Amino acid sequence: MEVKRRTARNLVSKLSSVSEQTRTDALCELRLISKHDHDSRPLIADAGAVPYLSETLYGSSPTIQENAAATLLNLSISSRASLMSTRGFLDALSHALSNSPSPTVVQSCAATLHSLLIAEDTYRPIIGSKRDILYTLLSIITDNNAPPRSIKDALKALFGVALYPLNRASLVGLGAVPALVSLIVRDARTGIVEDATAVLAQIAGCEESEEAMRKAGGVRVLGDLLDEGTGASERIRENAVAALLNLARCGGEKGRKEVKEMGAKVMEGITDLTKNGSAKGKTKAAELLKIVVDGYGNQSEVRDFRFNTSSDFMNHSI
């Protein structure tokens with residue numbers, strides 16, 4: 001372990017070199033070590049790498065930025081406190097998200113945010129207060145030219161932000177609802193629609209979402225996803241149910257009425273999920289069905305509808 005500690009200190013010391021080549025070589029090594037050697041991650045962070053890596057995100061070299069962003073992502077797996085306690089770290093991520101010409105940098109920064117948000121509840125209000133980060137993540141998912149991986153990573157970060165209830169109104173205010181509804185309508189890729197509907201289900205869990213959903217035609221779009229003729233995946237349909245259920249619970253009478261009317265049109269799709277969905281999906285579908293049929297439901301309880309974290313995204317060292 002002492003050898004690894006000395007190696008980490010030596011490489012980190014080179015990050016302050018006046019030679020760009022020396023800095024680049026050190027970053028490449030740090031990226032590889034942090035990817036393959038779990039034990040070295042805290043050693044790299046303890047050696048003081050995070051301030052240097054954060055500052056590097058402001059640089060002009062895409063290659064250097066990519067190595068720095070990837071190393072930060074790897075460190076976020078087990079050295080989250082070191083990242084979040086570093087002054088200017090979130091500002092550096094925000095800058096790279098909105099200014100880097102490299103899709104790889106954008107993806108690593110968004111994935112780092114997701115890693116932090118999913119692992120620690122206490123980070124959600126902190127990151128959620130950074131409106132520039134939220135705005136940039138939403139800009140990514142509305143960019144028709146954004147790579148699919150960038151959109152997926154941005155959606156996962158937005159999902160983590162929305163897990164904190166007080167962040168949901170901020171997302172609504174920044175235009176998250178029309179952005180997500182538009183993405184669901186225009187993008188036929190199952191993975192992206194699954195992630196977009198999961199975020200929308202979370203955001204629907206605040207009263208501010210009702211008007212935004214009405215203006216964006218969100219209830220109609222969610223209802224279409226529950227129509228058995230659309231061929232939507234089980235996860236998409238369960239997300240749609242969760243969104244409608246949260247909207248009915250958190251919205252006013254108009255929102256509840258709209259959900260009931262749409263639910264009546266896609267009764268077969270909801271009923272199918274009560275029989276063939278996942279355990280959580282069956283429960284939520286049954287609760288939505290109860291609201292649709294007789295107007296009753298547990299309005300006092302709005303639960304988080306979590307991503308399936310069994311995907312390989314959670315093992316995201318790069």
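## Burial and the R189–D187 pair

A residue is called buried when its relative accessible area is under 20%, exposed when that area is over 50%, and partly exposed in between. In this predicted model, D187 has a relative accessibility of 7% and therefore counts as buried. R189 stands at 40%, so this residue is partly exposed. The side chains of R189 and D187 meet in a salt bridge, with an N to O distance of 2.5 Å.

## The annotated ARM repeat

An unreviewed UniProt entry lists residues 175-218 as "repeat: ARM". Over residues 175-218, the chain is 77% helix and 0% strand. The C-alpha atoms at the two ends of this segment are 13 Å apart. G175, which follows helix α12, has a positive phi near 90°.

## Helix α12

Helix α12 spans residues 165-173, and its buried residues are N167, R168, L171 and V172. Viewed down the axis of α12, these buried residues fall within an arc of 145°, so they line one face of the helix. L166 and G173 are exposed on the other side of α12.

Several helices contribute to the cover over the buried residues of α12, including α9 (123-128), α10 (131-141) and α11 (148-162). Also among them are α13 (176-186), α14 (190-203) and α15.

## Helix α15 and S209

S209 lies in helix α15. With a relative accessibility of 1%, S209 counts as buried. When neighbours within four places in sequence are left aside, S209 is in contact with V172, I203, A204 and L247. V172 is itself one of the buried residues of α12.

Helix α15 also holds a charged pair: E211 forms a salt bridge with K215, and their closest N and O atoms are 3.1 Å apart. E211 and K215 are four residues apart in α15, which means that about one helical turn separates them. E211 is partly exposed, with a relative accessible area of 46%, whereas K215 is exposed at 68%.

## Helix α16 and the wider set of salt bridges

In helix α16, D224 and R220 lie four residues apart, about one turn of the helix. A salt bridge links D224 with R220, the closest N and O atoms being 3.6 Å apart. D224 counts as partly exposed at 37% relative accessibility, and R220 counts as partly exposed at 47%. Elsewhere, salt bridges that share partners join K152, K156, E194, D195 and R235 into one network.

The structure holds 17 salt bridges. Side chains of opposite charge can pair when their charged atoms come close.

## Helix α18

Helix α18 comprises 13 residues, 253-265. From its first C-alpha to its last, α18 reaches 19 Å, close to the 18 Å expected at 1.5 Å a residue.

Which residues of α18 are buried? They are G255, R256, V259, M262 and G263. Because these residues cover an arc of only 130° around the axis, they lie on the same side of α18. The face of α18 turned away from this buried side carries the exposed residues E253, K254, K257 and K265. Cover over the buried residues of α18 includes α15 (209-216), α16 (218-226) and α17 (234-250). Helices α19 (267-276) and α20 (279-294) are also included in that cover.

Methods
Residues numbered from 1 in each chain as written. Predicted model: local features only at pLDDT ≥ 70, side-chain atom pairs only at ≥ 80, totals over all residues. Heavy atoms only, no water. UniProt positions renumbered as here; feature names shortened; annotations may be inferred. Expected span 1.5 Å × (residues − 1). Buried < 20%, exposed > 50% of the residue type's maximum accessible area, 1.4 Å probe, protein only. Arc of directions from axis to C-beta. Contact = heavy atoms within 4.5 Å. Salt bridge = Lys/Arg side-chain N within 4 Å of Asp/Glu carboxyl O.
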